[in-house]
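Biologist: I would like a close look at one part of this protein. Please take me through the sheet, step by step.

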Amino acid sequence: MTTSETYSEAKVYERKKITFTIYIVLLDIAYLLFMSVIGGKWLADFTAHLSSNIWILLFVFAIIFGLGAELVSFPLKFWLSYVIEHEFLLSNQSINEWLVKLGKSYLITSIIGLVFIAAIYFFLWNYSSYWWVFASVLWIFFSIISGFIVTTFIVPFFYKVSPFTNFSLQERFIRLCKNTKIQLDNISVVKLSKETRKANAFFAGIGNTKRVFLADTLIDNFNDDEIEIVFAHELGHCQLNHLFKDIIFSSIISFIAFFICHIVLVNLAKLLGHASFTAVSAMPLFFLCLTIISLCILPIQNCLSRHLEKEADEYALQNTNKTDAFETAFTKLAIQNKANINPNKIIAWLFYSHPPIKDRIEFAKSWSKNHSIN
Ligand SMILES: [Zn+2]
C-alpha cells in the first residue's frame, strides 16, 4: 500500500468511527430524553408493586433503565467496536472473544454503577439540598480508588499481563528510570495482540501501584530506539504528575457538574411530572444532565489532555535526545493504528485526546532545532 493510500484509508477509518460515535451519543441522548419525560415515570409505576423497600425498587429501576440504554445503542456499538475494526483489518478478535470482553466490562460497570447510584440516592434522600457536595466528594474518592485498582485489578482482568523481560532494552530503561518513581519492576507487557493489531503503551496507577504498560504489539513491531522513546513518554506522564493533575481537573469539574445537576433536577423534575427531584423516576433526568455536561466539557478535557501529552513528548525528547527515533516511532504508530496524521483542525480540537501525529513530529523537529541535536 502506498503512503497516500494509507493516509486516505486512515481518513475513511476516522470518519466512520467519528460518525458512529456521534450516532451513539445522539441515540443515548434521545433515550435519556424519552426516559426523563415519559419512560422514567412508566418504569417507576411498573416496578412500584414489586416491593415496599425503596432500595430494592431503586436497584430494579436502575438495572432495567441501564439495560434499556445498552439495548438501544448495542447494534451501533457492535458496529463501531467489532465490524469497523475488522473491516480495516485492525482486530484479531473472534466474536466469542468480543462477547467475553463485553461481558466483563458489563460486570465491572454494573458493580460500579450500582454502588454509585446507591450512594447518590442515599445523599439525595438524606441531604437533599447538599447532596451534590457529597456526590462530588464521592466522585473524587472513586477517582483515587480507581487509580489504585486499575493496574492491580482492572488491566489484569481484561488482558494477560507479564513482567518486562527484554534484555536488550533493560540497560536503557534502567538509565531512564534513574531517580524516577518507576523501576524495572513497575514495567509490564500487556498482551494486546490477542484482540488488536494496534500498538499502545500507557501509564497508570497511584502510589506503589504506579506502572507503565507496553503492549506486545508495540514491542514486536518497533525497534529499540522507538520503544525507548515511547517508554520515556510514558515515564514523562509519571514524573510530571499527570494523573494527579487529571484528578484535580475532574474534581473541580465534578463540583460544577453535580451542582448543575442539582439546579436542573430541582427546577425540571416536577415540571416533567416527577413526584419530586429525589424521586427514582427522575434518575434518567440526572443522567441526561450528566451526559450533556460531559459533552460540553469534552473539548476542554481533550485540550488539557493534549497539553499533558505534549509535555510527555518533551520529557521523552529531553531524556533520550532521539528525535529521529521519535519521528519514526510516531510515523509507525500512525501506520499501524491507521491514525489520521493530519486531521481537520476542528475535529482534532473536539475529539483528539492526543495531538495529531503531524503536530507531534513537527514539535520534535523544532525541539531538535532549538536544542541543536542531530
Ligand atoms: Zn501519553
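In which sense do strand 1 and strand 2 pair, and over how many bridges?

Modeller: Strand 1 and strand 2 pair in the antiparallel sense, over three bridges. Keep in mind that this is a predicted model. Its confidence averages a pLDDT of 94, and 99% of the residues score at least 70. Helix 5 has the lowest confidence, with a mean of 90, and helix 9 has the highest, at 97.

Now place that pair in the sheet. The sheet is open and has four strands, in the order 1-2-4-3, with mixed pairing. Strand 1 (161-163) and strand 3 (201-204) are the edge strands, and each pairs on one side only. On average, neighbouring strands are turned by 30 degrees against each other, direction ignored. Strands of a sheet pair through backbone hydrogen bonds, either parallel or antiparallel. Both senses turn up here, as a walk across the sheet shows.

Start at strand 1. Pro-163 stands opposite Ser-188 in strand 2. Strand 2 covers residues 187-190. Next comes the pairing of strand 2 with strand 4, which is parallel and runs over four bridges. Ser-188 appears again here, opposite Phe-213 in strand 4. Then strand 4 meets strand 3. These two pair in the antiparallel sense, also over four bridges. Ala-204 stands opposite Arg-211 in strand 4. Strand 3 and strand 4 form a hairpin with six residues between the strands. In that hairpin, Gly-205 takes a positive phi near 105 degrees.

Look harder at strand 4. Five of its five residues are buried. In a regular strand the side chains alternate between the two faces of the sheet. Strand 4 is covered on both faces. Arg-211, Phe-213 and Ala-215 lie on one side, Val-212 and Leu-214 lie on the other, and all are buried.

What covers the sheet? One element to look at is helix 7 (residues 224-239), which lies across strand 3 and strand 4 (211-215). Helix 7 runs at about 20 degrees to strand 3.

Next, follow the nonpolar residues. The largest nonpolar core has 37 residues. Val-212, Leu-214, Leu-218, Phe-231, Phe-326 and Ala-329 touch the most other members. Strand 2, strand 3 and strand 4 are among the elements that each supply at least two residues of this core. Helices that do so include helix 5 (167-177), helix 9 (283-320), helix 10 (323-337) and helix 12 (357-370). Helix 7 gives the most, with seven residues.

Leu-218 deserves a look of its own. Leaving out residues up to four places away in sequence, Leu-218 touches Ala-199, Asn-200, Ala-201, Ile-227 and Val-230. There is also a second, separate core of 32 residues, including Tyr-31, Ala-44, Ile-117 and Leu-124.

Finally, step back to the whole chain. The protein has 12 helices and four strands. Its C-alpha atoms fill a box of roughly 70 × 45 × 35 Å along the principal axes. For 374 residues, a compact globule would have a radius of gyration near 21 Å, and the 23 Å of this protein agrees with that. Of the 374 residues, 26% count as buried. Take the contacts between residues at least 6 apart in sequence: 75% of them join residues at least 24 apart.

Terms used: Residues are numbered from 1 along each chain as its sequence is written. This is a predicted model: local features need pLDDT of at least 70, side-chain atom pairs count only at pLDDT 80 or more; totals for chains, interfaces and linings use all residues. Two strands pair if DSSP finds at least two bridges between them. Axes are lines fitted to C-alpha atoms, for helices over the stretch in contact, and angles run from 0 to 180 degrees between N-to-C directions. Two residues are in contact if their C-beta atoms, placed from the backbone, lie within 7 Å. A nonpolar core is a set of buried Ala, Val, Leu, Ile, Met, Phe, Trp, Tyr and Cys residues joined through C-beta atoms within 7 Å. A residue is buried if 20 or more other C-beta atoms lie within 10 Å of its own, exposed if 12 or fewer, and partly exposed in between; C-beta atoms are placed from the backbone. pLDDT is the predictor's confidence in each residue, from 0 to 100. The radius of gyration is taken over C-alpha atoms; the globule rule is 2.2 Å times the number of residues to the power 0.38.
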